[in-house]
Amino acid sequence: MNKRRSAILVLEDGRTFHGESYGSVGETFGEAVFNTGMTGYQETLTDPSYHRQVVVQTAPHIGNTGVNGEDDESDRIWVAGYVVRDPARIGSNWRATGGLEDRLGVEGVVGIAGVDTRALTRHLRERGAMRVGISSVEDDPRALLERVRQSPQMVGADLSAEVSTAAPYVVEAEGEHRYTVAALDLGIKRNVPRRLAARGVTTHVLPAGSTIDDLLATGADAVFFSPGPGDPATADGPVALAREVLSRRIPLFGICFGSQILGRALGFGTYKLGYGHRGINQPVLDRATGKVEVTSHNHGFAVAWPGRGDGPAGAVVPDQVIETEFGGVQVSHVCLNDNVVEGLRAVDVPAFTVQYHPEAAAGPHDADYLFDRFAELIEGRGPDGQPGAGRNHSEGRTNA
């Protein structure tokens with residue numbers, strides 16, 4: 001265990017918490033958000049969607065199972081800072097290859113422990129996500145507050161290119177190859193191509209700045225837009241690419257940030273949630289089946305549905321179809337906590353999205369069926385299993 005030093009956490013509204021250093025000693029800034037997951041802290045830390053965010057864990061005990069070399073969702077820790085209440089003194093698990101605090105220290109992640117995370121979370125729920133600073137080298141909250149207020153905000157942040165792969169790579173299908181998918185990496189997690197591979201899909205993961213020609217050169221049967229960090233209102237390049245894919249009627253599936261990109265491509269706006277959805281226990285209604293799923297979320301922005309203003313207030317009209325440049329669009333999934341739109345289904349082109357994570361690691365796995373829906377879409381049966389414009393009904397495509 002590292003020797004602890006005193007540390008402070010200061011929110012941009014001046015609220016201050018005192019604790020001890022956890023991980024690397026130093027100073028960091030970002031957007032303060034909270035994650036309600038009781039497990040999966042290693043997957044959270046290595047999720048690129050947390051780039052430039054300081055994550056507050058609401059579960060009181062963190063680090064109990066240590067860390068290992070198998071559960072990372074990317075090749076590094078992406079969080080800007082880490083806040084826990086009671087860090088484990090000793091990690092214990094047969095798969096562990098090291099301790100969490102040591103891993104944070106090696107990767108230079110500044111954290112704070114001994115904080116009343118319940119009080120901090122309640123504050124963020126009431127006041128909204130906001131900028132924050134953590135320091136184990138500064139003992140004057142007023143001085144740190146000044147630097148917090150000078151740090152960049154998440155609104156207007158264009159971050160996907162900062163977390164995307166620098167070069168294309170391929171994840172091969174398991175067993176018999178069925179389809180090829182071109183995945184635009186806006187902050188992809190490793191479990192996405194793994195879940196596709198389990199269904200016989202070979203995935204070509206491409207950089208965020210890829211063009212339609214880059215996607216077509218893979219010989220893809222379909223396109224996937226990944227999760228990622230930042231404000232979707234800034235992602236004009238991926239939006240233009242999504243419009244190209246839609247116009248060619250290539251089957252398209254988007255998750256989280258990718259869902260917001262597709263929403264913009266269809267002509268809808270996006271807005272920032274008060275404090276976002278982050279955790280592995282969010283209830284979502286699948287309107288196609290009527291089933292309620294327990295799902296994993298990590299998003300601070302959402303798609304604005306017409307007539308609802310810049311927020312979630314007001315019910316989504318059942319079976320309402322909004323006409324767009326690419327035909328009709330329906331809301332496919334809704335969050336039951338706050339009525340936020342959690343998925344879109346295009347009626348006239350082969351495209352659908354969800355704003356949560358069916359690839360969830362460490363779980364839950366209620367939404368894993370959505371990768372089957374994607375396979376059905378490629379095969380030409382539509383995102384709900386019904387006949388539609390998919391692999392065998394496409395127009396204007398070039399495919400190797």
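In strand β6, the residue that stands opposite Val55 is Tyr82, and this pair is a good place to enter the structure, which is a predicted model. Val55 belongs to a strand whose pairing can be followed on both sides. On one side, β4 and strand β6 (residues 81–83) pair in the parallel sense over three bridges. On the other, strand β3 (residues 27–35) runs parallel to β4 and is joined to it by five bridges, and there Val33 stands opposite Val55.

Strand β4 itself, which covers residues 53–57, is mostly covered, with five of its five residues buried. If you follow its side chains, you will find that Gln53, Val55 and Gln57 point one way from the strand while Val54 and Val56 point the other way, and that all of them are buried.

These strands belong to a wider arrangement, a closed barrel of seven strands that runs β1-β2-β8-β6-β4-β3-β9 with mixed pairing. From one strand to the next, the twist averages 35°. The two ends of that list also meet, for strand β1 (residues 6–11) and strand β9 (residues 130–135) pair in the antiparallel sense over four bridges. Within this pairing, Ile8 has Ser135 in β9 as its bridge partner.

Before leaving this part of the chain, look at the loop between α1 (41–45) and β4, where Thr46 lies. Thr46 counts as buried because its relative accessibility is 1%, and the cut-off for that term is under 20%. Not counting residues up to four places away in sequence, Thr46 touches Asp71, Asp72, Glu73, Ser74, Arg76, Ile77, Trp78 and Arg103.

Further along the chain we come to the largest nonpolar core, which has 37 residues, and among these Phe225, Leu246, Leu252, Ile261, Phe268, Trp305 and Leu344 touch the most other members. Two or more residues are given to this core by each of β11 (179–184), α7 (212–217), β13 (222–225), α8 (236–247), α9 (257–265), β18 (327–335) and β19 (341–346). The largest share, five residues, comes from α8.

Phe225 shows how parts of the sequence come together here: leaving aside its neighbours within four places in sequence, it is in contact with Leu184, Leu186, Pro238, Leu241, Ala242, Leu252, Phe253, Gly254, Ile255, Gly258 and Ile261. Apart from the largest core lies another one, of 24 residues, which include Ala222, Phe253, Phe352 and Phe374.

Two of the residues that Phe225 contacts, Gly258 and Ile261, are also among the buried residues of α9, which are Phe257, Gly258, Ser259, Gln260, Ile261, Leu262, Gly263 and Ala265. Since eight of the nine residues of α9 are buried, this helix is largely enclosed by the rest of the structure. Just after α9, Gly267 takes a positive phi of about 105°.

Leu344, another of the residues named for the largest core, leads us to a run of strands. In β19, Leu344 is the bridge partner of Val331, and five bridges join β18 to β19, which run antiparallel. β18 and β19 form a hairpin with five residues between them, and in its turn Asn339 has a positive phi of about 65°. Leu344 also stands opposite Thr353 in β20. The strand β20 (residues 351–354) runs antiparallel to β19 and is joined to it by three bridges, and a hairpin connects β19 to β20 through four residues. β19 is mostly covered, with six of its six residues buried.

For a contrast, turn to Glu323, which lies in strand β17 (residues 322–324). Glu323 is exposed, because its relative accessible area is 59% and the cut-off for that term is over 50%. Glu323 and Lys189 are 134 residues apart in sequence and, C-alpha to C-alpha, 32 Å apart in space.

Finally, step back to the whole protein chain, which has ten helices and 20 strands. For 400 residues, a compact globule would have a radius of gyration near 21 Å, and the chain's own 21 Å agrees with this. Its C-alpha atoms fill a box of roughly 65 × 45 × 35 Å, taken along the principal axes. Of the 400 residues, 58% count as buried, while the chain exposes about 15700 Å², of which carbon and sulfur atoms supply 47%. Among contacts between residues at least 6 apart in sequence, 74% join residues at least 24 apart.

Key. Residues are numbered from 1 along each chain as its sequence is written. This is a predicted model: local features need pLDDT of at least 70, side-chain atom pairs count only at pLDDT 80 or more; totals for chains, interfaces and linings use all residues. Side-chain values use heavy atoms; hydrogens and water are left out. A nonpolar core is a set of buried Ala, Val, Leu, Ile, Met, Phe, Trp, Tyr and Cys residues joined through side-chain atoms within 4.5 Å. Buried means under 20% relative accessible area, exposed over 50%, partly exposed in between (1.4 Å probe, protein chains only). Contact means heavy atoms within 4.5 Å. Two strands pair if DSSP finds at least two bridges between them. Axes are lines fitted to C-alpha atoms, for helices over the stretch in contact, and angles run from 0 to 180 degrees between N-to-C directions. The radius of gyration is taken over C-alpha atoms; the globule rule is 2.2 Å times the number of residues to the power 0.38. Accessible areas come from the Shrake-Rupley method with a 1.4 Å probe; for residues, only the protein chains shown count as cover.
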